[in-house]
Structure formats: structure tokens, C-alpha cells
Amino acid sequence: MTGTGTLYLVGAGPGEPDLLTLRAARLIESAELIVHDGLIDPQVLALASPEAQLISVAKRRAHHTLPQDEINALLIRSACAGQDVVRLKGGDPLVFGRGGEEAEAARAAGVPVEIVPGISAANGAAAAAQIALTHRDASSIVTFVAGQCKGLSDQDWRGLAGKGRTLVIYMGVKTAPQIAEKLMEDGLAPDMPVAVIENAARPQMRVLRGLLAGLPELVERKQVISPALIVIGEVTAREDAAVAALAREDAR
Ligand code: SAH
């Protein structure tokens with residue numbers, strides 16, 4: 001018995017509480033200390049006990065996100081003081097959530113780590129918008145990439161999008177113009193279908209469809225805000241194709 005608490009890295013899913021895993025819900029309900037991101041839905045946080053201490057490490061107006069090393073230090077300090085810590089992250093903790101870094105820091109400090117998966121935005125968005133990420137007739141490869149400014153031009157996305165492939169871009173709203181340009185420079189057809197899914201799996205979800213060349217204009221005209229995903233590939237147009245086929249039949 002070391003008296004050290006456990007660090008639980010818990011995925012909160014894309015939004016509403018009924019998309020939590022049962023394990024995540026139980027940990028949130030029984031936690032004494034929850035350290036959470038800004039993307040967590042208030043309904044999920046409402047599952048916590050009134051006695052629980054909730055610490056947000058989110059961006060708040062003028063304030064910046066707590067630097068990662070300070071988050072790591074907070075988690076380790078609390079666990080070493082004997083407290084179990086629920087570190088709650090949007091989606092899945094190991095998909096663009098820096099969960100890997102927190103787990104490494106905790107393990108290095110001798111803090112036991114448990115990881116509870118969550119429904120990542122790509123999976124939540126695909127289900128809510130009824131877009132198959134893979135489809136026997138349209139896509140056998142799916143890739144998740146990060147589209148934020150830092151390092152975008154250094155990333156090699158060649159071959160990740162195109163015929164028979166689905167590319168899901170996280171954090172790409174602000175960089176949509178550079179993303180469209182990058183993909184077309186790599187040889188992707190300007191008329192490749194795309195979808196933008198804003199606030200996926202939440203009541204205020206919007207699903208916008210268009211073509212790659214028109215992506216920047218679509219994002220601007222519809223004033224897309226974060227959190228949103230960009231999905232590139234023929235799978236995003238299948239529903240439209242089916243609806244169009246039905247409409248043609250009706251017109252006959
Ligand atoms: N760990 C998270 C991703 C964190 S990165 C996960 O697995 O989902 C944050 C990015 O995730 C956002 O910029 C956005 O691109 C995406 N995202 C998170 N929640 C979303 C939602 N409800 N709808 C659309 N995109 C979402």
C-alpha cells in the first residue's frame with residue numbers, strides 16, 4: 001500500500017451523457033476530484049457528486065489553457081497526495097487529447113494509470129450524420145488527422161484522401177482554406193465531396209455538404225464554429241446520392 005491515488009484518463013465522448021461508457025459514468029459519479037477540459041458538456045459534469053471538486057483546465061476568455069506541464073504537475077501532485085483523479089477529456093483521451101503525454105508523465109512519477117475510452121468526435125459525428133467512415137463500395141481506408149495551424153504545412157497527407165479513402169480532419173475549421181489547397185496540390189479532385197459536421201452528436205448539430213474546392217467558402221458562408229470536423233471522401237455524398245436517385249424516380 002503506497003497511498004498513491006490512481007489517475008483515470010476518461011473519455012467523455014462527443015457531448016451528451018448517454019454517449020458515455022458505463023465505466024466513464026461510474027467513475028464520474030464516484031470521483032472526488034475531476035480535472036476536465038473545456039469541451040465537456042455541462043450535462044456530463046452534472047453527473048458528478050455535489051461534494052466532488054471540479055477543476056477546469058480550459059481556455060477561458062482572456063486566460064489561456066493551463067500549460068500541459070502544469071496540468072501534468074496538478075494530476076501527479078493530487079495522486080501522490082493519495083487522491084484518485086478523474087481526468088476527463090472530450091471524445092477519446094488518446095485521440096488528439098494529449099492523454100498519451102499525461103499518462104507518460106504519471107507513469108514516470110510512479111502514479112498508476114487507467115484509461116477509459118470514449119467515443120471520438122469522428123465516430124460520434126459519423127453516426128449522427130449517417131456518414132459511413134468505411135463502405136464496401138466507397139472507402140476501405142479511414143485516417144484521422146489534426147488540421148491546426150502548427151505544423152500543417154510540414155505534415156505529409158499524400159495518399160490519405162482520394163478515391164476509396166476517407167479523411168477525417170480534427171481542429172481544421174480555421175485552416176480550411178490551407179487544407180483545401182494542400183489536398184488539391186497533392187492531386188485531389190476539386191469536386192471531391194466533403195462534409196463539415198459542427199457540434200456533432202449534440203442537439204445543435206449542423207451537417208454541411210459541399211465539394212473540396214468550395215470548402216473554404218462553405219465554412220465562411222455558414223460561419224462554422226468549433227468544435228467541428230471536416231470529412232473528405234465519397235462516403236460523405238452517399239446519402240445525397242440516394243436521395244437524388246429517389247427524387248429522380250419520383251419525377252418519372
Ligand atoms: N479527444 C477528442 C479530440 C480533441 S481535439 C476526440 O477524441 O474527439 C478537439 C477537436 O475535436 C475539435 O477541434 C473538433 O475538430 C473535434 N471535436 C470534438 N468534439 C466534437 C463535436 N462534438 N463535434 C465535432 N467535432 C468535435
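Reader: Which residues have the most contacts inside the largest nonpolar core?

Author: Keep in mind that this is a predicted model. Its largest nonpolar core has 24 residues. Inside that core, the residues with the most contacts are Leu-183, Val-196 and Ile-232.

Reader: And which element gives the largest share of this core?

Author: Several elements give two or more residues to the core: β7 (164–170), α6 (176–185), β8 (193–198), α7 (215–221) and β10 (228–232). The largest share is 4 residues, and the element supplying them is α6.

Reader: Leaving aside neighbours within four places in sequence, what is Leu-183 in contact with?

Author: Leu-183 belongs to that largest core, as one of the residues with the most contacts inside it. Once neighbours within four places in sequence are set aside, its contacts are Trp-157, Ala-161, Leu-167, Leu-188, Leu-212 and Ile-232.

Reader: How many residues are in the other core?

Author: This one lies apart from the core just described. Its members include Val-10, Ala-12, Ala-24 and Ile-34. The count for this other core is 18 residues.

Reader: OK, on to the ligand. Which residues come nearest to the ligand?

Author: There are 19 residues around the ligand. By class, that shell has 12 nonpolar, 5 polar and 2 charged residues. Those that come nearest are Val-95, Ser-120, Ala-121, Ala-200 and Ala-228.

Reader: What distance separates the polar side-chain atom of Ser-120 from an oxygen atom of the ligand?

Author: Backbone atoms also sit by the ligand: an N or O of Gly-90 is 2.9 Å from a ligand nitrogen, and a polar backbone atom of Ala-121 is 2.8 Å from a ligand oxygen. For Ser-120 the partner is a polar side-chain atom, and its distance to a ligand oxygen is 2.6 Å.

Reader: How much of the area that the ligand exposes when taken alone does the protein bury?

Author: Start with the ligand by itself, which exposes 550 Å². Put the protein back, and the buried part of that area is 92%.

Reader: Now Asn-199: is it buried or exposed?

Author: Asn-199 has its place in the loop between β8 and β9 (206–211). Its relative accessible area is 7%. The cut-off for buried is under 20%, so Asn-199 counts as buried.

Reader: Which side chain does a polar contact of 2.9 Å join to that of Asn-199?

Author: Beyond four places in sequence, Asn-199 is in contact with Gln-204, Met-205 and Pro-227. Pro-14 is 185 residues away in sequence, with its C-alpha 8.1 Å from that of Asn-199. The polar contact of 2.9 Å between side chains pairs Asn-199 with Arg-202.

Reader: How about Arg-107, buried or exposed?

Author: Arg-107 lies in helix α4 (residues 99–108). Its C-alpha is 14 Å from that of Val-85, which is 22 residues apart from it along the chain. The cut-off for exposed is over 50%, so at 52% relative accessibility Arg-107 counts as exposed.

Reader: Stepping back, what percentage of the residues of the chain count as buried?

Author: The chain has 8 helices and 10 strands, and its C-alpha atoms fill a box of roughly 75 × 40 × 35 Å along the principal axes. It exposes about 13400 Å², with carbon and sulfur atoms supplying 52% of that. Out of 252 residues, the share that count as buried is 44%.

Terms used. Residues are numbered from 1 along each chain as its sequence is written. This is a predicted model: local features need pLDDT of at least 70, side-chain atom pairs count only at pLDDT 80 or more; totals for chains, interfaces and linings use all residues. Side-chain values use heavy atoms; hydrogens and water are left out. A nonpolar core is a set of buried Ala, Val, Leu, Ile, Met, Phe, Trp, Tyr and Cys residues joined through side-chain atoms within 4.5 Å. Buried means under 20% relative accessible area, exposed over 50%, partly exposed in between (1.4 Å probe, protein chains only). Contact means heavy atoms within 4.5 Å. A residue is near a molecule or strand if one of its heavy atoms lies within 4 Å of it. A polar contact is a pair of N or O atoms within 3.5 Å; within protein, one must be able to donate a hydrogen and the other to accept it, and residues adjacent in sequence count only if both atoms are side-chain atoms. Accessible areas come from the Shrake-Rupley method with a 1.4 Å probe; for residues, only the protein chains shown count as cover. Ala, Val, Leu, Ile, Met, Phe, Trp, Tyr, Cys and Pro count as nonpolar, Asp, Glu, Lys and Arg as charged, and the others, Gly among them, as polar.
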